[in-house]
Amino acid sequence: MSLDTISEARRQIDICNACRYCEGFCSVFPAINRERVFPDGDITQLANLCHNCQGCYHACQYTAPHEFDLNLPRILAEVRNESWQDHAFPAPFARLFHRSGVAVSLALALGVAVLFWLIQNYTPEGGTGFYAVLSHNLMVALFAPAFLAPLAVIAISLHRYWRTIGGTRLRWRHIVDAFHSAAQMKNLAGGHGEGCNFEDEDRFSNARRYAHQATMYGFLLCFAATASGTILHYGFDMHAPYGLFSLPKLFGIPGGILLSLGTLELLRLKLKSNKTLTDARNWGGEVGFVVLLHLVSTSGLALYAFGATAALSVLLALHLGLVLAFFVLTPYSKMMHGFFRLAALMRDAQKKEG
């Protein structure tokens with residue numbers, strides 16, 4: 001973590017703690033007001049508690065050209081992004097991704113190329129649907145390590161982060177409180193519930209909140225579709241392709257639609273947002289990840305719609321290449337903000353109890 005970044009964040013937080021005008025805006029300001037001094041770990045905790053709604057900036061009387069020159073959304077974004085990178089394992093991969101997002105393109109190209117090669121050289125002799133193009137065993141051999149290895153890396157990163165922010169033993173009520181807050185996205189609702197000023201400083205809007213909810217719930221539904229398909233395959237010997245009213249489809253189709261629309265709206269909002277209120281150093285990585293997540297969901301829907309046509313092999317290779325890239329890049333991309341923010345909400349629930 002850059003000492004200059006931490007020092008600047010501490011300076012601005014000290015001023016906010018003296019002012020207290022924004023106390024009701026989100027969870028960050030009550031957390032600030034509970035403290036008198038802010039060690040590095042507390043600064044990191046506050047940064048990951050922030051959702052960058054930017055309402056505090058537009059309400060602040062101490063922004064430029066005032067001599068205090070406060071820009072709390074930007075400095076907390078810088079601390080937050082550095083915390084994801086510094087706690088990643090290994091950290092250089094995260095820094096590479098966040099600098100430019102080039103890693104996304106390279107991963108996509110490599111994933112698709114490898115999958116095309118596999119399809120051309122390992123086409124099974126039997127099978128229906130997807131398995132007429134790529135055998136189930138080969139899919140498992142490819143994706144099991146690509147899924148499990150990132151999970152291990154995420155666990156290591158979260159353990160490092162939890163120690164940095166001074167987290168203690170979790171109790172059930174802390175977990176419930178954090179998940180309840182995350183499910184509602186209440187920190188994107190503003191202190192009055194009308195939303196935040198992310199789109200326009202003079203207008204409150206819940207658009208970003210709803211886009212995040214669509215993305216989150218869409219992703220969870222897609223994960224449920226994959227999990228239910230795995231249970232059907234191994235637990236009940238029921239193999240894909242599954243019918244329209246099967247659990248994988250009932251979860252997967254609405255999930256794919258929500259994820260596709262949610263990420264598209266997040267991208268629209270991101271492109272029109274004020275770049276001076278966020279960490280511009282990681283712009284490429286953030287946009288690249290949203291695009292990747294959008295392509296994963298959209299290619300999945302296309303695969304469902306056109307899977308019975310001659311386009312099956314191309315669509316399957318493209319979709320699996322995107323999914324593989326998503327899995328591999330998750331520990332080093334902005335996807336980590338979800339894990340770190342949930343941990344920050346749990347730590348905040350602990351600190352509320354004193």
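Here are some informal notes on this structure, which is a predicted model.

1. Let's start with the overall build. The chain has 14 helices and 2 strands. Of its 354 residues, 50% are buried. If you take contacts between residues at least 6 apart in sequence, 74% of them join residues at least 24 apart. As for the outside, the chain exposes about 17,100 Å², and carbon and sulfur atoms supply 65% of that.

2. Now look inside. The largest nonpolar core has 37 residues, and those with the most contacts inside it are Ile13, Val28, Phe29, Leu72 and Leu76. Several helices give two or more residues to this core, including H1 (3-19), H2 (28-33), H3 (40-49), H5 (72-87) and H8 (136-164). Helix H9 (172-184) and helix H14 (336-352) belong on that list too. The largest share comes from H14, with 7 residues.

3. Isoleucine 13 is a good residue to click on. Which residues does isoleucine 13 touch, not counting those up to four places away in sequence? You should find Ile32, Phe38, Ile43, Leu46, Leu72 and Leu76. Two of these names, Leu72 and Leu76, also appear among the residues with the most contacts inside the core.

4. Don't miss the other core. A second, separate core has 20 residues, among them Val296, Leu303, Leu316 and Phe326.

5. Helix H3 is worth a look. Here 9 of the 10 residues are buried, so H3 is largely enclosed by the rest of the structure. The buried ones are Gly41, Asp42, Ile43, Thr44, Gln45, Leu46, Ala47, Asn48 and Leu49.

6. Helix H5 gives you a nice check to try. At 1.5 Å a residue, its 16 residues should span 22 Å, and its end C-alpha atoms are 22 Å apart, which agrees. Is H5 enclosed or open to the outside? Since 14 of its 16 residues are buried, H5 is largely enclosed by the rest of the structure. At the N-terminal end, asparagine 71 acts as a cap for H5: a side-chain oxygen of asparagine 71 lies 3.2 Å from the backbone nitrogen of arginine 74.

7. Stay with H5 for asparagine 81, which is found in this helix. At 2% relative accessibility, asparagine 81 counts as buried, because the cut-off is under 20%. Leaving aside neighbours within four places in sequence, asparagine 81 is in contact with Asp279, Asn282 and Glu286. There is also a long jump along the chain to see here: asparagine 81 and methionine 336 are 255 residues apart in sequence, but 9.7 Å apart in space, C-alpha to C-alpha.

8. Asparagine 33 has its place in helix H2. With a relative accessible area of 9%, asparagine 33 is buried. Its side chain makes a polar contact of 3.2 Å with the side chain of asparagine 17. If you set aside neighbours within four places in sequence, the contacts of asparagine 33 are Asn17, Arg20 and Glu23.

9. Last stop: histidine 294, in helix H12 (residues 283-306). Is histidine 294 buried or exposed? Its relative accessible area is 18%, so histidine 294 is buried by the cut-off of under 20%. A polar contact of 3.2 Å joins the side chains of histidine 294 and threonine 263. Beyond its neighbours within four places in sequence, histidine 294 is in contact with Ser260, Thr263 and Leu264.

Note on methods: Residues numbered from 1 in each chain as written. Predicted model: local features only at pLDDT ≥ 70, side-chain atom pairs only at ≥ 80, totals over all residues. Heavy atoms only, no water. Core = buried A, V, L, I, M, F, W, Y, C linked by side-chain atoms within 4.5 Å. Buried < 20%, exposed > 50% of the residue type's maximum accessible area, 1.4 Å probe, protein only. Helix = DSSP H or I, 4+ residues; strand = E, 2+ residues; numbered from the N terminus. Contact = heavy atoms within 4.5 Å. Areas by Shrake-Rupley, 256 points an atom, 1.4 Å probe, with all protein chains shown as cover. Expected span 1.5 Å × (residues − 1). Polar contact = N/O pair within 3.5 Å; in protein donor to acceptor, adjacent residues only side chain to side chain.
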